[in-house]
Amino acid sequence: MNSAVSNKSRTLLINVIKHLKNQSIKNFSVGSASNMRFVQYRLKKGGQQHLGAQLTSSGDIIDISAVDHSIPNSLVEFLGQGCGIYEKAKRIVGESKSVTPLENVDLLSPITKPDKVACVGLNYSGHCEEQNIPHPKEPMIFSKFSSVIVGPNDNVQIPPITDCVDWEVELAVVIGKKAKAIRQDQANDYIFGYTVAQDISARDWQKKRNNGQFLLGKSMDTFCPLGPVVVTKNKVNPNNLSIKSWVNGVLKQNGNTSELIFKIDFLVSYLSQIVTLYPGDVILTGTPAGVGTHRNPPEYLKKGDVLESEIEGIGKMRNVIV
């Protein structure tokens, strides 16, 4: 009798859990879909890349591109099609017709093949102070090749030409529509969302080689992990987010985006005066104090290390160094 009651109770509990899960998906309205967490992923069993959205940071994925084949499976291409396709995606997410458990997918970089990856140096007060240098009077802009982007759980490769590979966790801006010569007060209208980035850097090539130009030291293969998601701009306050990195479980960087010297809206406007920003373009906005090269003695990544990078409200990446 007790066994029968126990089995009945267990079955009832399972049904309640399923009901609550289904209700949480049904209650995810089109209105709340404006706070989507966009992902690019591939099923672990194989197949093509998909574009989807999460309801929560650890939640299952609502497939967008598989439900409507007019929607690209690339976020860059998706953004390039304008507002109409975004409204279509919100309806798909609101209906939640196709949901894939998170454990059944491999998350890819949420942005691949953008037109450009722009970067800002010396943009955190703490990062300037750890070098005993004054705050810059104007942004220091450099770039990374977009081909070096990898996913939030992908390996980072140390090439044989350097042994001075360093970490830099950064908040990355994703541009939502074409921007040229826009005002600072217009900048937010051109931002789609935000993701976590690692500006992996070969310090010897950045500082001592290539005649002082940053590009090669910043653009070696796999030197730009991004992810795990792109959160839409209304989901977080980019000027007040905790930003951290760990190496082998040891906290190395512990900052806040409130330390940004040049704020997000200024940077987007500033860059748009120089070059046209296109949908899907990525802007890395700088790193807080705690990088390896300015420690005493300096510390650099080595094969086998585990590098974790996290920004409040966005997510966490885990990259193994190989």
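This is a short walk through one predicted model, from its salt bridges to its largest pocket and two single residues.

Let's start with charge. Side chains of opposite charge can pair when their charged atoms come close. How many salt bridges does a search of the whole structure find? The count is 14. I'll show you three of them.

Take Lys-88 and Asp-68. Their side chains meet in a salt bridge, with 3.9 Å from N to O. Lys-88 lies in helix 3, and Asp-68 sits in the loop between strand 3 (61–63) and helix 2, so the pair ties together parts that are 20 residues apart in sequence. Are these two residues buried or exposed? Neither word fits. Lys-88 has a relative accessible area of 27%, so we call Lys-88 partly exposed. Asp-68 comes out at 22%, and that is also partly exposed. Buried would mean under 20%.

Next, look at Glu-168 and Lys-218. They form a salt bridge too, and their closest N and O atoms are 3.3 Å apart. This pair links distant parts of the chain. Glu-168 is in the loop between strand 9 (165–166) and strand 10 (169–175). Lys-218 is in helix 6, residues 215–218. The two are 50 residues apart. Both Glu-168 and Lys-218 are buried.

Stay with Lys-218. Its side chain also meets that of Asp-199 in a salt bridge, at 2.8 Å from N to O. Again the pair links distant parts of the chain. Lys-218 is in helix 6, while Asp-199 is in the loop between strand 11 and strand 12 (201–202). Here the separation is 19 residues. Why does Lys-218 count as buried? Because its relative accessible area is 1%, and buried means under 20%. Asp-199 is at 0%, so Asp-199 counts as buried as well. Now put the pieces together. Salt bridges that share partners join Lys-144, Asp-166, Glu-168, Asp-199, Arg-203 and Lys-218 into one network.

Lys-218 leads us to Ser-143. Ser-143 is in strand 7, residues 140–144. Leave aside neighbours within four places in sequence, and Ser-143 is in contact with Val-117, Cys-119, Leu-215, Lys-218 and Ser-219. Val-117 is 26 residues away along the chain, yet its C-alpha atom is 5.8 Å from that of Ser-143. Ser-143 has 34% relative accessibility, so Ser-143 is partly exposed.

Compare Glu-138. Glu-138 is in the loop between helix 4 (125–129) and strand 7. Its relative accessible area is 53%, so Glu-138 is exposed. Which residues does Glu-138 touch, not counting those up to four places away in sequence? Phe-262 and Tyr-270. Leu-267 is 129 residues from Glu-138 in sequence. In space, the two are 10.0 Å apart, C-alpha to C-alpha.

Last stop: the largest pocket. About 360 Å³ of space lies in it. The lining has 17 residues. Nearest the centre are Cys-83, Tyr-86, Gly-176, Ile-191 and Phe-192. Where does the lining come from? Helix 2 (75–80), helix 3 (83–95) and strand 11 (191–198) each supply at least two residues. Helix 3 gives the largest share, four residues. That is the helix that holds Lys-88. By class, the lining has eight nonpolar, five polar and four charged residues.

To recap: the search finds 14 salt bridges, one network joins six named residues, Lys-218 among them, and helix 3 gives the largest share of the lining of the largest pocket.

Methods
Residues are numbered from 1 along each chain as its sequence is written. This is a predicted model: local features need pLDDT of at least 70, side-chain atom pairs count only at pLDDT 80 or more; totals for chains, interfaces and linings use all residues. Side-chain values use heavy atoms; hydrogens and water are left out. Buried means under 20% relative accessible area, exposed over 50%, partly exposed in between (1.4 Å probe, protein chains only). Contact means heavy atoms within 4.5 Å. On a 1 Å grid over the protein atoms alone, a cavity is a set of points where a 1.4 Å probe fits but cannot get out, and a pocket is an open set with protein on both sides within 12 Å along at least five of seven lines; lining residues have an atom within 4 Å of a point. Grid points are joined across faces, edges and corners, and a volume is the space filled by probe spheres set on the points. Ala, Val, Leu, Ile, Met, Phe, Trp, Tyr, Cys and Pro count as nonpolar, Asp, Glu, Lys and Arg as charged, and the others, Gly among them, as polar. A salt bridge is a side-chain nitrogen of Lys or Arg within 4 Å of a carboxyl oxygen of Asp or Glu.
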